[in-house]
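Thank you all for coming. I would like to walk you through one structure this morning, taking it part by part, and I will try to be careful about what can be said and what cannot.

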Amino acid sequence: MKIAIIGLGYVGLVTAAVLASQGNQVIGIDIDKKKIESLLNGNIPIFEPGLEEKIKCSASNLEFTDNFDHIRDATLAYICVPTPNFNGKMDLKYVLSASEEIRKRSKEITIVIKSTVLPGTAKKVSEVTGLTVISNPEFTREGSAISDTEKPDRVVIGGFSTKLVQQLWSFTKAPMIVTSNENAELIKYASNSFLAVKISFINQIADLCETIPNTDVNEVAIGMGLDKRIGKDFLKAGLGYGGSCFPKDTVAISSYAQERGVELTIVKSAINYNDQRIRDLARKVNDLSDSVNGKSVCVLGLSFKDNTDDIRESRSLLLMKELEMYGAKVIAYDPIVNNLKSVKICKNMDECIKKSEIVITSTEWSEFSQINKDILKGKMVFDLRRVLEPKDFKIVMGVGNGKN
Ligand code: UGA
């Protein structure tokens, strides 16, 4: 199939690479000329495990351009542009401008919206373009986006005339939910909100564990997760959820619901708790270390989660700001992120630790679980992602570990 992918961020680029690797003719389009230049020179602008290899292997089926005229050659035009929040509400400007570019070039093409959009958006895009619009939300996580796209738990397709899109994803062999546009759009928000609620829930249980000797949230999570009705995933306590999706989507669906007279109190409570959590954790670090004021603090991990270079809504960055308000002198190390204006970043993890009195693990990079025990000796360690084995290290505080 000939497919145009508009918007080459984390979602668009992965979708383009995977669809090209399945033998489709894919043309990736982006308004960012620098990004296109970089891609044409073989440089992948983001870090996503397996993406570079996938793009290289599928090079004969994959083209990149900033020229929207190439849309004319395609049967399906995928919209993968950002849907940021503006004043707490979803801003559709990029989706609408991409739709307009498509409308100007073809009267037959089918638009497929992969961007996360509120119910009613596909209908609106169809009204303004006069084209068939299919909703096909993605459920991929950064860091494992390739395998999530190739082997998803389900494929959700909304709208009429969905046959081509069904055919396109049939290689995944995943269950397909073929439904209305609105259902497909809502499934995405309901899923992300539910996962955000799950994370806030386990983090509150972690708070409780810290007050009860001989409890450990990790073990409680295992015990809960074996119940199939609950499930084991997304029960990892930590700093709370960050990234470009959960914070944005939970807020957008809450205000959308509110406009319709429905208070999503559970989602709102998860949002409020997630916001509060960073302040609580900074206070705990300050109290348990007998004040961080004037002390050097090493924060390990800057991305919003492991296996990505994405720092959007990173919890580490928020924590660092809070600690600085307490007077801490913060330095940081990250396996990939090595250039940020807001903090001094060390090139080497051991060096970063050696220079500090207090060490905080704030992203669950596997590298951190290999820290040399001797280097951590004499340091005040706060394991806020539970990457360290408590029996191997002297840890002042591990999230959700009630100790004894
Ligand atoms: C999330 C969803 O998981 C995807 O299904 C969805 O497609 C994507 O948003 C999106 O809407 O585009 P992503 O933001 O890449 O994916 O990352 P997650 O793995 O979901 O992690 C989100 C945040 O929750 C991270 O800060 C992570 O550290 C945190 N988290 C996750 C926890 O604190 N505990 C957990 O158990 C799981």
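**Loops, ligand and charge pairs**

Let me begin with Ser161, which sits in the loop that runs between β9 (155–158) and α7 (163–169). Before I say more about that residue, please keep in mind that what you see is a predicted model. The backbone at Ser161 has a positive phi of about 50 degrees, although the residue is not a glycine. Is Ser161 buried or exposed? With a relative accessible area of 60%, Ser161 is exposed, as the cut-off for that word is anything over 50%.

Arg386 makes a useful companion to it, since here too phi is positive, near 50 degrees, in a residue other than glycine. This arginine belongs to the loop between β15 (380–383) and β16 (395–398). Its surroundings are another matter, for Arg386 has a relative accessible area of 10% and is buried.

Now to the ligand. In the model 21 residues surround the ligand, and the closest are Glu138, Glu142, Lys188, Asn192 and Lys305. Sorted by class, that shell consists of eight nonpolar, four polar and nine charged residues.

Which atoms of the protein come up to the oxygen atoms of the ligand? In the side chain of Asn192, an N or O atom lies 2.8 Å from a ligand oxygen. For Leu235 the partner is a polar backbone atom, placed 3.3 Å from an oxygen atom of the ligand. Glu364 contributes through its side chain, where a polar atom is 3.4 Å from a ligand oxygen. As for how much of the ligand is covered, on its own the ligand would expose 710 Å², and the protein buries 93% of that area. Two elements, α8 (181–209) and α10 (246–259), are the ones that give two or more residues to the shell, and α8 gives the most, with three residues.

Let me turn from the ligand to the charged side chains. As a general matter, side chains of opposite charge can pair when their charged atoms come close. How many salt bridges does a search of the whole structure find? The search finds 27, and I have picked out three of them to look at one by one.

In the pair formed by Glu263 and Lys268, the closest N and O atoms are 2.6 Å apart. Glu263 is partly exposed at 43% relative accessibility, and Lys268 is also classed as partly exposed, at 24%.

The next pair joins Asp69 to Arg72, with 3.7 Å between the closest N and O atoms, which can be counted because the limit for a salt bridge is set at 4 Å. Both partners are partly exposed, Asp69 at 33% relative accessibility and Arg72 at 49%.

In the last of my three, the side chains of Arg312 and Asp310 meet at 2.8 Å, N to O. Arg312 is partly exposed, having a relative accessible area of 40%, whereas Asp310 is buried, with a value of 3%. Returning for a moment to Asp69 and Arg72, those two residues are part of one network, in which salt bridges that share partners also join Glu101, Lys104 and Arg105.

I will finish with two residues in helices. Ser99 lies in helix α4 (residues 93–105), and it is buried, at 1% relative accessibility. What does the side chain of Ser99 reach? It reaches the backbone oxygen of Val95, at a distance of 2.6 Å. If we leave aside residues up to four places away in sequence, Ser99 touches Ile79, Ile111, Val125 and Thr129, so these are contacts with heavy atoms within 4.5 Å.

Lys321, by contrast, is exposed, at 56% relative accessibility, and its place is in helix α12 (residues 315–325). Along the chain, Lys321 and Ile278 are 43 residues apart, while their C-alpha atoms are separated by 9.8 Å.

To gather the main points once more, the ligand has 93% of its area buried by the protein, and the whole structure holds 27 salt bridges. The two residues with positive phi that I showed you differ in cover, with Ser161 exposed and Arg386 buried. Thank you, and I am glad to go back to any of these places.

Note on methods. Residues numbered from 1 in each chain as written. Predicted model: local features only at pLDDT ≥ 70, side-chain atom pairs only at ≥ 80, totals over all residues. Heavy atoms only, no water. Near = heavy atom within 4 Å. Polar contact = N/O pair within 3.5 Å; in protein donor to acceptor, adjacent residues only side chain to side chain. Areas by Shrake-Rupley, 256 points an atom, 1.4 Å probe, with all protein chains shown as cover. Helix = DSSP H or I, 4+ residues; strand = E, 2+ residues; numbered from the N terminus. Nonpolar A, V, L, I, M, F, W, Y, C, P; charged D, E, K, R; others polar. Buried < 20%, exposed > 50% of the residue type's maximum accessible area, 1.4 Å probe, protein only.
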